[in-house]
Every structure is written in C-alpha cells, then in structure tokens.
Amino acid sequence: MTDALKRLSDEGVAIWLDDLSRKRITSGNLAELIDQQHVVGVTTNPAIFQKAISGGEGYGQQLADLAARKVTVEEAIRMITTADVRDAADILRPVYDATEGQDGRVSIEVDPRLAHNTPATIAEAKQLAWLVDRPNTLIKIPATKAGLPAITEVIGKGISVNVTLIFSLERYREVMDAYLAGLEKAKAAGLDLSKIHSVASFFVSRVDSEIDKRLDALGTDEAKALKGKAALANARLAYEAYEEVFSTERWAALDKAHANKQRPLWASTGVKDPAYKDTLYVVDLVAPGTVNTMPEGTLEATADHGVVEGDTISGTYEQSRAELAAVAKLGISYDDAVQLLEEEGVEKFAVSWNDLLKSTEAELERLAPTEA
C-alpha cells in the first residue's frame, strides 16, 4: 500500500496531511499515518476546524468546561484549536527531531478575518505561537498584500511561518522576498536562523477549477484541449521561481548564516473535477525540496494506485509557459483569475470561521450551567 508514498518521499517530497481533528489524535489514527503512510506533517485551516468541531466528537468535555468558565466564543475556539495543534505537534515531535526541524510540523492559521490587517495579523501570530508553545508549529499567514509585511515581521521575530493562499507567480515571488527580508531582520537581531523554518503554500486545484470554467464558457475545441493544464503549469513555474530565488547572492549570504530555504508546498491537491485522475496534483508535481499536503482521500488514492515516476517538474518550464500563454491567447486573463481566487480564498476561510463561531457559541449556550 505504501510503495508510492515511499517513492514520493524518496524523491524529496514531504507528505503532509491536510486534516486534523481530536478523534484523529485520540484514536491513534494520526500516529498510524505517520508510522505507515510516510506522513511527516499536518496542516489545518478554518474550514478543517469548523468541520471537526461542528462534528462534535471528542470536544464535549472541553466545551462544557469552557461554558462553566463563561469564556467568550473566540477564546473557546482558540483554546480548542490550540489544544489539538499542541497534541498533534507532540505526536509529530520525533519526526521534527529526526529531520532537524524541517518536518514534523503542524500549522495553525491566524484568524482569517484579519487577512487585510497587518498589525493584527502580527499580534495574532505572536499570540498563537505563545499559546501552542511547541517548536514544531507553523503559524499560517495569508499571502495578501497586508500579509506580506506581517510575514517579514513574524519571521524576523524567529517565529516559523506557513504562508497560505498563494495563487499567482508574482505574489509568490513577493512571498519569498518577504521571507528573505524576515531572515535578514532575524539575523540583524542576532537570532539563530537555523531554527526558523517556512513553507509557501501554493494552491493548485482551484486554479484549474477557475480557468476550466472560463475555458468551458468559450466551448471551442481549442479551449477544451487546454482544460486541466493551467494548475500544473502555474505550480511548475512557481518551482522555477523557487529555484531562481534560492540561487541568488542574497540567499547565499543567508545560507552562510545557516538559514533554511522556504520550501514550496502544494496545497489544494484534492482533484475537484472527476474527469481528472485523482492523483494528478501529486504525481505530476514531484520535485526535491517540496511539500505536498493532501486530504486523506488523496493520500489513500496515491497509496493505492499512484504511479510516481521521479521528478515531473524539472524540464517542464517552457511547456508550462506555452500552456499559460495559450490560455491567455484565448482572452482568459491570468491576473484576473488568480486575483479572484485569492479574494475567494480569504472569503471562504472567513465564512468557515464565522460558521465555527456560531456553532461553538450555540454549544457553549447549551452547556452553560444553570444559575442556582
């Protein structure tokens, strides 16, 4: 079952699970995935927590205790989510130690409603790092315009970051620049750069969903022939940008100070279109020094029938450029599509967070002890 996943790991792809719940922790399932399926990290987001907590299993006692203390709903959510992340981080600690901090990581996101507020994002990131209090945590900051200076500031304070919701190549380069600037601040402050880690979460399947929709609207044979091409092309060109940035003199100076590269992380790798093979965004995005965070269904599909044939990114850059150019030639604006995806991404996480607030508030009210 695990040959494909082992091959993926051997090719230099870190396999992370894009899901977390208390049941997964307490049942031993997470430990089993680490032991048997080569999982070396976990990512969470507001939608994942909303699903886990609203499902309710495993959270009853903590919710009852929080209700008895009459905490605010925001505090309740942070106590619940940081408890899950802390426990998952402890389970992954041996991986963190064995990989010298590169893997064994668990990500937790700043409140998505702060995505356009730089000072609040910085403050929230610091608070989350303090609350979880585990060295193998990554604080997720969205790659909005307001998020970029927050990334620099948080990295500069020695806090490891997972930059999320990256869709465009231009924004990805800005993210890498923000990371390097943060490392330079940390170095100037005398911090140990070897302890600071980061990944840049470059979203994949949603790009095809948006571009394919526009290709379908055109309806021509030429348009149909380009379906399912844009997301892979976009991600492969992101890897080219990664190779370029981390071979500059600016990086060399930081490398000499024992800094870590900011690895590209392929996010949103579950296939949305059933016409595509269910392992598409895994087996066609293999390259050393990358992370692929998979929903459990994609992880199982890869283990069951994924065919890993080595590096499927290097050498594809000209073809990838040609495919994106062909899409643009049909009148489909790349800039418009990726900007829309960023806005929708922030909005979707905010909606999930608000849903989580509502469902948690209802539970706190239901469990509140009656006054004597």
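**Rings and a pocket**

Ring pairs link Tyr239, Tyr242, Phe246 and Trp251 into a cluster.

Tutor: Keep in mind as we go that this is a predicted model.

Student: How many aromatic pairs does a search of the whole structure find?

Tutor: Six. One of them joins Phe167 and Phe203, with 5.2 Å centre to centre and 45° between the planes, so the pair counts as tilted, since that label covers what falls between stacked (under 30 degrees) and edge-to-face (over 60).

Student: Where in the chain do Phe167 and Phe203 sit?

Tutor: In distant parts, 36 residues apart: Phe167 is in the loop between strand S5 and helix H9, while Phe203 belongs to strand S6.

Student: Why does Phe203 count as buried?

Tutor: Because its relative accessibility is 6%, and buried means under 20%. Phe167 is buried too, at 2%.

Student: And Tyr239 with Tyr242, what sort of pair do they form?

Tutor: A tilted one, 5.3 Å centre to centre with 45° between the planes. Both tyrosines lie in helix H12, three residues apart, or about one turn of the helix. Tyr239 and Tyr242 are both buried.

Student: Now the pocket. How do I read empty space?

Tutor: You roll a probe the size of a water molecule over the atoms and see where space is left empty. Here, the largest pocket holds about 340 Å³. It is lined by 20 residues, and the closest to its centre are Asp18, Asn45, Arg206, Ser268 and Lys272.

Student: Which classes make up the lining of the largest pocket?

Tutor: Eight polar, seven nonpolar and five charged residues. Helices H4 and H17 and strands S6 and S7 each supply at least two of the lining residues.

Definitions and conventions:
Residues numbered from 1 in each chain as written. Predicted model: local features only at pLDDT ≥ 70, side-chain atom pairs only at ≥ 80, totals over all residues. Heavy atoms only, no water. 1 Å grid on protein atoms, 1.4 Å probe; cavity = no way out; pocket = protein on both sides within 12 Å on 5 of 7 lines; lining within 4 Å. Points joined across faces, edges and corners; volume = space filled by probe spheres on them. Helix = DSSP H or I, 4+ residues; strand = E, 2+ residues; numbered from the N terminus. Nonpolar A, V, L, I, M, F, W, Y, C, P; charged D, E, K, R; others polar. Phe/Tyr/Trp six-rings, centres within 6.5 Å; stacked < 30°, edge-to-face > 60°. Buried < 20%, exposed > 50% of the residue type's maximum accessible area, 1.4 Å probe, protein only.
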